[in-house]
Amino acid sequence: MSTTRPYSPGDRGPESEAAVADAPEGPAPAAAVGQGRQVRRLSLNGASGIVPLARDFARQALQAWGWLPAAGADQRAAAEDVLLVVSELVTNACLHAEGPDELWLSSDAKVLRIEVSDRGAGQPAPRTPHRAGRPGGHGMFIVQRLCLDWGVVRTPGVSGKTVWAELSAPV
């Protein structure tokens, strides 16, 4: 389901700068794995090889948070879904929004949230009608199908946007 709500139902809204100022960009300490909400941030401004860089960053976060290596098929599928959604959101920012600025990942026991900020003015939406046989245009359809919810956040007076998506944590 697509949405234009800035945050999903029950979400705490945007994190304050103080709450994420110390969010690690590298692997989390072992003691932090599985405890409360965990946040990772990656600056993508001026980086090259952005999509593989974002996937590798997400894979490292999933390893630190205990999603990988996967214990079973369901957990492996959940991790692959996260990596695919990261790829799609970052690719869309590259193709349609002058490139991504940042990738945020946050996770608690129930939900993993992906946020990709960019400088673009466009509104992402699944192509309708969706035609599986046509090349291209499947990114937001994939996001819509794999995620619990997704949306766009815009800050008044600031160019750009943040596209967010949420997936269930593996059981």
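## Strand pairing and the sheet

Two strands are said to pair if DSSP finds at least two bridges between them. In general, the strands of a sheet pair through backbone hydrogen bonds, either parallel or antiparallel. In this predicted model, 5 strands form an open sheet in the order S1-S2-S3-S5-S4, and the pairing is antiparallel. The edge strands are S1 (38-43) and S4 (149-153), each of which pairs on one side only. From one strand to the next, the twist averages 15 degrees.

The pairing of S2 with S3 may be followed in detail. Strand S3 covers residues 111-118 and is joined to S2 by 7 bridges, the two strands running antiparallel. Within this pair, Ser106 has Arg113 in S3 as its bridge partner. Helix H2 (residues 50-64) packs on the sheet and touches S1, S2 and S3. The direction of H2 makes about 160 degrees with that of S1.

## Overall organisation

The protein contains 4 helices and 5 strands. Along the sequence, these elements follow the pattern α-β-α-α-β-β-α-β-β. The protein has 171 residues, of which 42% count as buried. Among contacts with a separation of 6 or more, 62% are between residues 24 or more positions apart.

The accessible surface of the protein comes to about 9,100 Å². Carbon and sulfur atoms account for 54% of that surface.

## The nonpolar core

In soluble globular proteins, nonpolar side chains tend to be buried together. The largest nonpolar core in this model has 35 residues. Those with the most contacts inside this core are Val86, Leu89, Leu103, Leu105 and Ile114. The elements that each give two or more residues to the core are H2, H3, S2, S3, H4 (139-146), S4 and S5 (161-168). Helix H3 provides the largest share, 9 residues.

Which residues does Val86 contact, leaving aside its neighbours within four places in sequence? They are Ala54, Arg55, Ala58, Leu103, Leu105 and Ile114.

## Helix H3 and the loops around it

Helix H3 comprises 24 residues, from 73 to 96. What span should these 24 residues have at 1.5 Å a residue? The expected span is 34 Å, because the calculation takes 1.5 Å times one less than the number of residues. The end C-alpha atoms of H3 are 34 Å apart, which agrees with the expectation.

Pro69 is found in the loop between H2 and H3. The peptide bond from Leu68 to Pro69 is cis, with omega near -5 degrees.

After H3 comes Glu98, which is found in the loop between H3 and S2. Its phi is near 65 degrees, a positive value in a residue other than glycine. Is Glu98 buried or exposed? Glu98 is exposed, because its relative accessible area is 61% and the term applies to values over 50%.

## A buried aspartate in strand S2

Asp101 is found in strand S2 (residues 100-107). Asp101 counts as buried because its relative accessible area is 16%, and buried means under 20%.

Which residues does Asp101 touch, not counting those up to four places away in sequence? They are Leu42, Ser43, Leu44, Asn45, Ser117, Asp118 and Arg119. Among these, Ser43 belongs to S1 (38-43), and Ser117 belongs to S3 (residues 111-118).

Methods: Residues are numbered from 1 along each chain as its sequence is written. This is a predicted model: local features need pLDDT of at least 70, side-chain atom pairs count only at pLDDT 80 or more; totals for chains, interfaces and linings use all residues. Side-chain values use heavy atoms; hydrogens and water are left out. Buried means under 20% relative accessible area, exposed over 50%, partly exposed in between (1.4 Å probe, protein chains only). Contact means heavy atoms within 4.5 Å. Accessible areas come from the Shrake-Rupley method with a 1.4 Å probe; for residues, only the protein chains shown count as cover. Axes are lines fitted to C-alpha atoms, for helices over the stretch in contact, and angles run from 0 to 180 degrees between N-to-C directions. A nonpolar core is a set of buried Ala, Val, Leu, Ile, Met, Phe, Trp, Tyr and Cys residues joined through side-chain atoms within 4.5 Å.
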